[in-house]
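Colleague: I have just opened this entry and would like some help in reading it. Could we go through it together, one feature at a time?

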Amino acid sequence: MTKEELRTAVWNKLKEVIDWEIGLDVVTLGLVYDINIDDQNNVKITMTMTTPMCPMAGGIMGDAEMKVRSVEGVNNVEVELTFDPPWTPDRIDPVVRKQLGI
């Protein structure tokens, strides 16, 4: 699998990670800021939460790590939480924003 194919597989797996409070996946919400894959197929995901006080942060990050680890070819997985830049509703997928009336 090429690095780009692996990146696509990781991205698609992250679409299965749901923010349980909102009921949408972390990709649609725009919570995933970056996916970095090194030459040994170690994956580092930089993501945020909708708020720094999100009570579900640990569960969401753990779910992301577990799901990405299941992608064939992935070695180590690290999920880093950041609030820089802060998340805003503008990061939500435009189609979903329209459906939500945002």
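Modeller: Gladly! Let us settle one word before we start: a contact here means heavy atoms within 4.5 Å. Please keep in mind, too, that this is a predicted model.

Colleague: Thanks. Which residues is Thr-48 in contact with, leaving aside its neighbours within four places in sequence?

Modeller: With that rule, Thr-48 is in contact with Leu-31, Tyr-33, Leu-81, Thr-82, Phe-83 and Trp-87. You will find Thr-48 in the loop between β4 and α2.

Colleague: Is Thr-48 buried or exposed?

Modeller: The cut-off first: buried means under 20% relative accessible area. Thr-48 has 0%, so Thr-48 is buried. A polar atom of its side chain lies 2.7 Å from the backbone oxygen of Thr-82.

Colleague: Let me step back to the whole chain. How many helices and strands does the protein have?

Modeller: There are three helices and five strands. Read from the N terminus on, the elements run α-β-β-β-β-α-β-α.

Colleague: And how do I read a sheet?

Modeller: The general idea is that strands of a sheet pair through backbone hydrogen bonds, either parallel or antiparallel. Here you can look at an open sheet of three strands, in the order β3-β4-β5, with mixed pairing. Strands β3 (32-37) and β5 (77-81) stand at the edges with a single partner strand each, so one side of each has no neighbour in the sheet. On average, neighbouring strands of this sheet are turned by 15° against each other, direction ignored.

Colleague: In which sense do β4 and β5 pair?

Modeller: Strand β4 (residues 43-47) pairs with β5 in the parallel sense, over five bridges. Two of the bridge partners in β5 are easy to look up: Glu-78 for Lys-44, and Val-79 for Ile-45.

Colleague: Where do the helices sit against this sheet?

Modeller: Helix α1 (residues 3-14) packs on the sheet and touches β3 and β4, its direction making about 145° with that of β3. Helix α2 (residues 57-69) lies across β4 and β5 and runs at about 155° to β5. Together, β4, α2 and β5 make a right-handed β-α-β unit.

Colleague: Could you pick one residue in α2 for me to inspect?

Modeller: Try Val-68, which lies in helix α2 and counts as buried at 0% relative accessibility. Not counting residues up to four places away in sequence, Val-68 touches Val-10, Lys-13, Leu-14, Val-43, Ile-45, Val-74 and Val-77.

Colleague: What should I look for in the backbone?

Modeller: As a general guide, most residues other than glycine have a negative phi, and most peptide bonds are trans. In this model, Asn-41 has a phi near 65°, a positive value in a residue other than glycine. Asn-41 is in the loop between β3 and β4 and counts as partly exposed, at 23% relative accessibility. For the peptide bond, go to Asp-84 and Pro-85: the bond from one to the other is cis, with omega near 5°. Pro-85 is in the loop between β5 and α3 (94-100).

Colleague: Finally, how does the radius of gyration of the protein compare with that of a compact globule?

Modeller: A compact globule with 102 residues would have a radius of gyration near 13 Å, and the protein agrees with this at 14 Å. Its C-alpha trace spans about 40 × 25 × 20 Å along the principal axes. Of the 102 residues, 37% are buried.

Conventions
Residues numbered from 1 in each chain as written. Predicted model: local features only at pLDDT ≥ 70, side-chain atom pairs only at ≥ 80, totals over all residues. Heavy atoms only, no water. Pairing = 2+ DSSP bridges. Helix = DSSP H or I, 4+ residues; strand = E, 2+ residues; numbered from the N terminus. Axes fitted to C-alpha atoms, helices over the stretch in contact; angles between N-to-C directions. Buried < 20%, exposed > 50% of the residue type's maximum accessible area, 1.4 Å probe, protein only. Polar contact = N/O pair within 3.5 Å; in protein donor to acceptor, adjacent residues only side chain to side chain. Right-handed = clockwise from strand over helix to strand, strands pointing away. Rg over C-alpha atoms; globule rule 2.2 N^0.38 Å.
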